[in-house]
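Got the viewer open? Let's walk through this one stop at a time, with a selection to make at each.

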Amino acid sequence: MVPDISLGGRTYGLLAYLYGPGRRDEHLDPHLVASWMPELAPDPGRDAAATLKQLQERLDLPVQAVPEHRRPRRHVWHCPVRADPGDRHLSDAEWAEVARRVVHATGIAEDGDDEACRWIAVRHADDHIHIVATLKRQDGRSPRRHDDYNRAQAECRAIEADVGLRQLNPGDGTAAKRPTSAERAKAVRAGRTATSRELLRDHVRQALAGAGDEAEFFRRLTEAGVRIDQRLGPSGDVLGYKVALPGDRNRAGEPIWFPGSRLAPDLSLPRIRQRLDSPDEAEGQPAVSRPRHGATPARARREATGIVDRAASAFADGDEGTVAAQLPGVGEVLDALAQTSSASIRQQVTEAARSFERATRWHIRAERADGRAVRSAARGIIQAGNALGRGEDGGATAMLLSTLVLATIAATRWHAARRHHQQAAAARQAADQLRAAYRTAATTPLRVMRVQGRRLPERVRTRHVGTIETALPGRTGSLRRERGWDALIATLDQAKRAGHDPEALLQQAVAWRELSTADRVTDVLVWRLRRLGRIPADPPPTHPDTRTTKQQPQPVEPHTTAPTRSPASPDRRPRR
């Protein structure tokens with residue numbers, strides 16, 4: 001059950017909408033379910049003699065009774081309360097009780113207060129009501145409605161438990177502001193799936209992903225086609241900013257501006273500057289290190305995979321300050337990947353980034369923790385994708401997505417353990433969306449690996465099966481039933497041909513991080529092996545006669561460390 005409070009200045013206009021047919025004829029049987037005093041509140045929906053004008057005048061009477069200079073400019077308090085789509089339909093009597101509890105909790109009309117504000121609750125659909133109140137009490141005073149939004153949220157959580165509805169996650173005041181019903185309706189009329197507020201939030205987050213400094217952040221926003229209005233101080237320094245979509249105007253023809261802080265708490269200019277500034281910047285180190293010159297999309301994704309994996313390890317045993325630095329960085333990697341992914345997964349990754357941004361905020365800030373590495377990974381992805389204008393390497397993208405799934409699962413567990421309910425739910429949703437993107441991205445490279453694994457000579461397969469049994473005793477049977485089994489066999493064979501000891505490399509991959517959260521253990525091991533062993537994420541073409549022709553070593557990317565090998569093995573190195 002979700003309340004959504006807003007203020008307005010036209011009582012009659014709001015009533016005309018609530019009792020009218022709606023923008024798409026969706027309003028059915030509009031009528032009152034509750035009011036401040038039923039005998040004084042006419043109901044134009046059920047009483048043919050009642051008019052909207054009569055209802056408006058009686059609601060506005062306390063406001064009109066005070067001198068004009070004491071009347072609030074926006075005197076109409078509007079609070080739609082909407083049930084979850086999966087909830088049962090409440091009766092009129094139940095919705096009336098919901099309305100009475102909400103106006104009591106918010107200070108609009110406390111129980112037993114005969115001088116409280118006048119209010120009504122209108123129902124014109126099965127799943128929600130609209131509470132309308134005027135913000136002058138009948139004794140001429142203003143209501144004490146401080147923090148009414150959070151109090152309405154808390155009361156709705158209690159109502160859900162009492163009435164037996166789906167219980168939503170309690171908030172902590174760090175969520176981004178939700179689009180209003182008017183913003184959603186405007187998006188529908190414009191044929192958009194997201195509101196201006198949501199689209200601008202995406203643009204600002206994506207411009208911030210891996211940005212080296214403030215100038216680059218604003219330049220990226222401009223290149224994305226976003227209108228920017230910077231607030232300058234007397235010295236010419238930028239004090240703040242607001243953004244607007246081209247062509248998005250109000251009734252007066254003026255651009256509809258959104259300050260960064262209204263898009264999300266961490267998108268205000270001071271908070272952005274905190275993220276751009278590194279703890280070591282004062283020591284002369286850059287806030288974000290530069291990616292390798294000429295890096296390909298595949299290399300950028302491979303390097304990001306290792307960095308995200310290390311960041312995710314901090315979620316298991318890191319303190320809040322460290323996690324507070326790493327989580328926004330993982331969000332930036334998601335934003336960077338959304339901008340540079342192929343059309344087949346771009347929407348899924350974008351939705352995952354939108355979901356995950358809620359998991360990056362709670363009541364703590366990263367004071368001194370260093371998040372430069374993970375921010376640099378985001379920068380490398382963007383620069384590699386944009387500079388070369390090339391599509392991403394499918395295998396490297398799948399490798400990164402597989403690691404991001406595990407990272408978001410680790411974030412879910414971290415938040416859940418600390419009772420950060422909304423953040424945990426957001427991370428869980430992002431993990432589900434990333435799983436869908438991963439399945440799409442991994443289809444082709446894993447299919448090629450499976451074919452290669454099946455074509456290996458039986459003696460070679462048997463040797464690699466023994467390697468797996470040694471590293472994961474007792475699990476070979478369950479792993480054989482996974483679709484990635486043959487891909488794992490092929491990867492171990494390519495690791496051997498690249499100069500690695502497959503058993504040592506597999507032991508390292510197994511020990512790297514836990515496997516209990518993996519949906520498909522073989523998939524996770526395939527990508528860990530290829531990253532740790534510097535094996536190309538996209539498998540090389542299969543030799544035309546794998547069964548009879550001696551396999552030649554495949555070219556691999558340069559090692560930053562020596563290939564793994566057992567102590568008794570000769571010092572084998574890949575031939576170039």
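Before the clicking starts, one convention on handedness: a crossing is left-handed when the near helix is turned anticlockwise from the far one by less than a right angle, and right-handed when it is turned clockwise. Also keep in mind that you're looking at a predicted model.

**Whole chain**

Start with everything shown as cartoon. The chain has 576 residues, and 52% of them count as buried. Its secondary structure adds up to 20 helices and nine strands. If you like contact maps, here's one figure: of the contacts between residues at least 6 apart in sequence, 72% join residues at least 24 apart.

**Stop 1: Glu-26**

Select Glu-26, which sits in the loop between helix 1 (11-19) and strand 3 (31-35). Is Glu-26 buried, exposed or partly exposed? Its relative accessibility is 30%, so Glu-26 counts as partly exposed. Now show what Glu-26 touches: leaving out residues up to four places away in sequence, you'll find Tyr-17, Pro-21 and His-124. Put a distance label on Glu-26 and His-124, C-alpha to C-alpha, and it should read 8.4 Å, for a pair 98 residues apart in sequence.

**Stop 2: Asp-127 and Arg-82**

Next, pick Asp-127 and Arg-82 and show their side chains, which meet in a salt bridge at 3.7 Å, N to O. Asp-127 is in the loop between strand 5 (119-123) and strand 6 (128-134), while Arg-82 belongs to strand 4 (residues 76-82), so this pair ties together parts that are 45 residues apart in sequence. Asp-127 is partly exposed at 29% relative accessibility, and Arg-82 is partly exposed too, with a relative accessible area of 37%.

**Stop 3: helix 5**

Select residues 181-189, which make up helix 5, and color Glu-183, Ala-185 and Ala-187: these are buried. What covers the buried residues of helix 5? The cover includes helix 6 (196-208) and strand 9 (258-259). Then step on to Gly-191, which follows helix 5 and has a positive phi, near 75°.

**Stop 4: a salt-bridge network**

How many salt bridges does the structure hold? There are 36. Some of them form a network, so select Asp-266, Arg-275, Glu-332, Glu-357, Arg-361 and Arg-375 together; salt bridges link these residues. Zoom in on one link, where the side chains of Arg-275 and Asp-266 meet at 3.5 Å, N to O. Arg-275 is partly exposed, with a relative accessible area of 22%, whereas Asp-266 is buried at 9%. The cut-off for buried is under 20%.

**Stop 5: helix 12 against helix 14**

Hide the side chains and select helix 12 (residues 343-356) with helix 14 (residues 394-417). They pack at an angle of about 25°, with their axes 13 Å apart. That angle makes helix 12 roughly parallel to helix 14, and helix 12 passes helix 14 in a left-handed crossing. To see the contact itself, show Ile-345, Val-349 and Phe-356 from helix 12, which meet Thr-397, Leu-401, Thr-408 and Ala-411 from helix 14. By class, the contact has five nonpolar, two polar and no charged residues.

**Stop 6: helix 18 against helix 20**

Now for another helix pair: helix 18 (residues 485-497) and helix 20 (residues 521-532). Their packing angle is about 20° and their axes are 9 Å apart, which makes helix 18 roughly parallel to helix 20. Here's where the opening convention applies: helix 18 passes helix 20 in a left-handed crossing. On the helix 18 side, show Trp-485, Ala-487, Leu-488, Thr-491, Leu-492 and Gln-494; on the helix 20 side, their partners are Thr-522, Leu-525, Val-526, Leu-529 and Arg-530. Counted by class, this contact has seven nonpolar, three polar and one charged residues.

**Stop 7: Asp-309 and Arg-531**

Stay around helix 20 and select Arg-531 along with Asp-309. Their side chains meet in a salt bridge at 3.0 Å, N to O. Asp-309 lies in helix 10 (residues 297-317) and Arg-531 in helix 20, so the pair ties together parts that are 222 residues apart in sequence. Are Asp-309 and Arg-531 buried or exposed? Both are buried.

Terms used. Residues are numbered from 1 along each chain as its sequence is written. This is a predicted model: local features need pLDDT of at least 70, side-chain atom pairs count only at pLDDT 80 or more; totals for chains, interfaces and linings use all residues. Side-chain values use heavy atoms; hydrogens and water are left out. Buried means under 20% relative accessible area, exposed over 50%, partly exposed in between (1.4 Å probe, protein chains only). Helices (H or I, at least four residues) and strands (E, at least two) are DSSP runs, numbered from the N terminus. Contact means heavy atoms within 4.5 Å. Axes are lines fitted to C-alpha atoms, for helices over the stretch in contact, and angles run from 0 to 180 degrees between N-to-C directions. Angles under 35 degrees count as roughly parallel, over 145 as roughly antiparallel, 65 to 115 as roughly perpendicular and the rest as oblique. Ala, Val, Leu, Ile, Met, Phe, Trp, Tyr, Cys and Pro count as nonpolar, Asp, Glu, Lys and Arg as charged, and the others, Gly among them, as polar. A salt bridge is a side-chain nitrogen of Lys or Arg within 4 Å of a carboxyl oxygen of Asp or Glu.
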